[in-house]
Amino acid sequence: MEIKEEQEVLSVQKKKKNSLFSWKKLVVGGLTLTGLIIGFSAFTETINQGHAGVVYSRSDGVKETTLSQGLHFVNPIERITEYPVSTETVEYNSLPLATRDGKPLTVDMVLEYFNDVEKLPYIYDKFKGQDPEAIEQTWLKARLKDTALEVTSKYTILEVFQNREKVKTEILDKFSKDSKKHGFLIENVVFGTPTPDKETQQAIQEVVNRQQELEALKIDKQKAKEIAEKQLIEAQGIADAQIEKAKGEAEANRLIAESVTPELLEKMEKEARLKHGWVTINGVDSIIVDEDKK
């Protein structure tokens, strides 16, 4: 009996030992897998689509070669900063501007740009490793506002409203040239509808109303002119027709007059005399009496 009990105790102890060993294996396996994942993450970097990565080494500084999109093996002591190399769209709301006549206005603008991949190391150095969002909300925003202000200050408030496309083109050209030197390639700048103060808005509306009235008067004047020209053309047509008719009658009379010759008149006279019984005998006109009619 005692031997059997000892065997059962040994069996239980053996099971506990096996179970403890299994747990140890599981823990070691988990730690190993975690270590591999951490090690893989530390030695790899994934660059998102449409971006490129600038490599900063603590020992060598910024590397001239950038990382393209996709998975890369990197040194864990290197820092990777991504920058967009495909089109990014940034909205700037209510940028304060001014005009030549001192009128304040605000405008919403949209910037479409991307970074020159060859100048990414320069951008990283210039902006001390700032991420793209920080650059967009600081340097790019300030430069765009300054450029827009420089352009709008050449125009009066009314001219800005009347020449929005021209103002937008000038801003785009100037801002593109300035930004390209720093590695930012500008594709487009959208210049929204300016918003002046209430007093200026009312004055502009009055000017617009007067212009619309003038346009209406021009249209009425043009219509009246067209009607008058039409009536003149019609009257001229009638006059020309009458002239042509008179010319035709005059020409007919002329032809008739030319056709009446002395010989014709003499013949017609003879025929008339003969018809009425008049004859000339020895130079004396006589009447022939028809005996049958007596």
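## Reading helix α5 and its surroundings

Q: Which exposed residues sit on the face of α5 turned away from its buried side?

A: In this predicted model, that face carries Lys-177 and Lys-180. Both residues count as exposed, a word that calls for a relative accessible area over 50%.

Q: What makes the span of α5 fit the value expected for a helix?

A: Helix α5 runs over residues 164–180, 17 residues in all. The expected span is 1.5 Å times one less than the number of residues, and for α5 that comes to 24 Å. From its first C-alpha to its last the helix reaches 24 Å, so the value found is close to the expected one.

Q: Which residues of α5 are buried, and how do you know how they are arranged around the helix axis?

A: The buried residues are Val-167, Lys-168, Ile-171, Leu-172, Phe-175, Ser-176, Asp-178 and Ser-179. Looking down the axis of α5, these residues fall within an arc of 165°, so they line one face of the helix. A general point helps here: an α-helix has 3.6 residues a turn, so residues three or four places apart point the same way.

Q: What covers the buried residues of α5?

A: The cover includes two strands, β7 (104–115) and β8 (184–191), along with two helices, α3 (132–152) and α4 (157–162).

Q: Why is the packing of α3 and α5 called oblique?

A: Two packed helices are described by the angle between their axes and the distance between the axes. For α3 and α5 the angle is about 135°, and the axes are 9 Å apart. Roughly perpendicular covers 65 to 115 degrees and roughly antiparallel begins over 145. An angle of about 135° fits neither range, and the pair is therefore oblique.

Q: What is the handedness of the crossing of α3 and α5, and which residues make the contact?

A: The crossing is right-handed. On the α3 side, the contact is made by Trp-139, Leu-140, Arg-143, Leu-144, Thr-147, Ala-148, Glu-150, Val-151 and Thr-152. On the α5 side, Val-167, Glu-170, Ile-171, Lys-174, Phe-175, Asp-178 and Ser-179 take part.

Q: Is Asp-173 of helix α5 buried, exposed or partly exposed?

A: Asp-173 has a relative accessible area of 40%. Buried needs a value under 20% and exposed a value over 50%, so Asp-173 is partly exposed. Its C-alpha is 9.9 Å from that of Thr-147, a residue 26 positions away along the chain.

Q: How do you know that Phe-184 of strand β8 is buried?

A: The relative accessible area of Phe-184 is 1%. The cut-off for buried is under 20%, so Phe-184 qualifies. Beyond its neighbours within four places in sequence, Phe-184 is in contact with Tyr-113, Phe-114, Asn-115, Ile-123, Phe-127, Ile-135, Trp-139, Leu-140 and Ser-179. One of these, Leu-140, is 44 residues from Phe-184 in sequence and 8.9 Å from it in space, C-alpha to C-alpha.

Q: What makes Gly-192, in the loop between β8 and β9, count as buried?

A: Gly-192 has 15% relative accessibility, and buried means under 20%, so the label applies. Leaving aside neighbours within four places, its contacts are Val-107, Asp-108 and Arg-164. The C-alpha atoms of Gly-192 and Asn-93 are separated by 9.5 Å, with their positions 99 residues apart along the chain.

Q: Why is Gly-61 of strand β3 called buried?

A: At 17% relative accessibility, Gly-61 is under the 20% cut-off and therefore counts as buried. Apart from neighbours within four places in sequence, Gly-61 is in contact with Val-55 and Tyr-56.

Q: What is the phi of Ser-94, and how do you know that this residue is partly exposed?

A: Ser-94, found in strand β6 (residues 88–98), has a positive phi of about 55° although it is not a glycine. Its relative accessible area is 47%. Exposed would need over 50%, so Ser-94 is partly exposed.

Q: Where is Lys-128 found, and why does this residue count as exposed?

A: Lys-128 is in the loop between α2 (120–126) and α3. Its relative accessibility is 77%, which is over 50%, so Lys-128 counts as exposed. Phi of Lys-128 is near 55°, again a positive value in a residue other than glycine.

How values were computed. Residues numbered from 1 in each chain as written. Predicted model: local features only at pLDDT ≥ 70, side-chain atom pairs only at ≥ 80, totals over all residues. Heavy atoms only, no water. Helix = DSSP H or I, 4+ residues; strand = E, 2+ residues; numbered from the N terminus. Buried < 20%, exposed > 50% of the residue type's maximum accessible area, 1.4 Å probe, protein only. Arc of directions from axis to C-beta. Contact = heavy atoms within 4.5 Å. Axes fitted to C-alpha atoms, helices over the stretch in contact; angles between N-to-C directions. Parallel < 35°, antiparallel > 145°, perpendicular 65-115°, else oblique. Left-handed = near helix turned anticlockwise from the far one by under 90°.
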